[in-house]
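Open the model in your viewer with the sequence panel showing. The stops below are given in the order in which to select them.

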Amino acid sequence: MSKTLDIIMSLKDNVSPNLGKMNSNLQTTSGKLNAVGKSVGRLGGIIKGALVGGAIAKFSYDCLKAYDVQIQAEKSVQRALEKTGKTSEQAQQGLKEFKDFASKQQDITAFGDEGTLQVISGLISQGFGKKSIEDIVAMSQDIARSTGDEQENVTKALSAYVKTGKGATKLAKAYKLNADLLGKGKTESERLAEVWKAFEQSANKGASTEYLKTFEGQCESLKGRLADLNEPVGHLFSTL
């Protein structure tokens, strides 16, 4: 029980105005969650009784919700991979690689890995390969952060142009890309290359990195990290 209380207090302490200590504090909390994961069997009865309390009930609900969102996103990617003809083992390996990528993107963009995995699932279903998916996701996140559009909308616009070659002028206007660099590619790879070049020369590139330097960006990053910490606790509650 003392470990459970320690975790809750640690989560509380992490919400601090001293943003410079955020990462180290969150790593400490993460370590405590891992410790609980190893001794969770003994806590089952205690936690079930504690759920009658309003605060703990709300906390458990949030954790379960975070866990469910993560699991659904992962399942979506795995199903999409399997539909491309990959074996279950290959799909699991592909999922692991995409999870690692989404997690790294969360660290540098503050876009939640769950949302990124959902975007990845859609791109897999469209027939894009791993490298193309990672390029499109990286561009869409910076463009979304720069323009204020939703990541999903940007991804759809980029992928539609790369797939069909249509809408170059509209794409350039919507996301402040150099129209002269678009509309020439004859294949998907050529169109993706020209979009990447236009992106690199635009003001969109690096927008997420700059955003993370702001107070709002730090808060958004913290929000995502705390949601990640809720996920293993949600898994714990789902097994009780």
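An axis, as used on this tour, is a line fitted to C-alpha atoms, for helices over the stretch in contact, and the angle between two axes runs from 0 to 180 degrees between N-to-C directions. The model is predicted.

**Whole chain**

Colour by secondary structure first. The chain has 12 helices and zero strands, and read along the sequence its pattern is α-α-α-α-α-α-α-α-α-α-α-α. Of the 240 residues, 40% are buried. Among contacts with a separation of 6 or more, 65% join residues 24 or more positions apart.

**Helix 6**

Select residues 113-125, which form helix 6. With 13 residues at 1.5 Å a residue, helix 6 should span 18 Å, and its end C-alpha atoms are 18 Å apart, so the expected and modelled spans agree. Show side chains next: the buried residues in helix 6 are Asp113, Glu114, Thr116, Leu117, Val119, Ile120, Ser121, Leu123 and Ile124. After the helix comes glycine 127, which has a positive phi near 95°.

**Helix 6 against helix 8**

Add residues 151-164, which are helix 8. The axes of helix 6 and helix 8 come within 11 Å and cross at roughly 20°. Angles under 35 degrees count as roughly parallel, so helix 6 is roughly parallel to helix 8. Their crossing is right-handed. Which residues make the contact? From helix 6 they are Thr116, Val119 and Leu123, and from helix 8 they are Gln151, Thr155 and Ser159. Sorted by class, this contact of helix 6 with helix 8 has two nonpolar, four polar and no charged residues.

**Helix 6 against helix 7**

Hide helix 8 and show residues 130-147, helix 7. Here the axes of helix 6 and helix 7 come within 10 Å, crossing at roughly 135°. That angle makes helix 6 oblique to helix 7. The crossing of helix 6 with helix 7 is right-handed. On the helix 6 side, select Thr116, Val119, Ile120, Leu123 and Ile124; they meet Ile133, Ile136, Val137 and Gln141 of helix 7. By class, there are seven nonpolar, two polar and no charged residues in the contact of helix 6 with helix 7.

**Leucine 81**

Move to helix 4, residues 54-83, and pick leucine 81 within it. Is leucine 81 buried or exposed? Its relative accessible area is 4%, so leucine 81 is buried. Setting aside neighbours within four places in sequence, leucine 81 is in contact with Lys86, Ala91, Gly94, Leu95, Phe98 and Ile124. Ile124 is also one of the buried residues of helix 6. For a distance label, use the C-alpha atoms of leucine 81 and glutamine 93: they are separated by 10.0 Å, with the two residues 12 apart along the chain.

**Two positive phi values outside glycine**

Select alanine 110, in the loop between helix 5 (88-109) and helix 6. The phi of alanine 110 is near 70°, a positive value in a residue other than glycine. Alanine 110 counts as buried, because its relative accessibility is 8%.

Finish at lysine 176, in the loop between helix 9 (168-175) and helix 10 (188-200). Lysine 176 is not a glycine, yet its phi is positive at about 55°. At 64% relative accessibility, lysine 176 counts as exposed.

How values were computed: Residues numbered from 1 in each chain as written. Predicted model: local features only at pLDDT ≥ 70, side-chain atom pairs only at ≥ 80, totals over all residues. Heavy atoms only, no water. Helix = DSSP H or I, 4+ residues; strand = E, 2+ residues; numbered from the N terminus. Expected span 1.5 Å × (residues − 1). Buried < 20%, exposed > 50% of the residue type's maximum accessible area, 1.4 Å probe, protein only. Parallel < 35°, antiparallel > 145°, perpendicular 65-115°, else oblique. Left-handed = near helix turned anticlockwise from the far one by under 90°. Contact = heavy atoms within 4.5 Å. Nonpolar A, V, L, I, M, F, W, Y, C, P; charged D, E, K, R; others polar.
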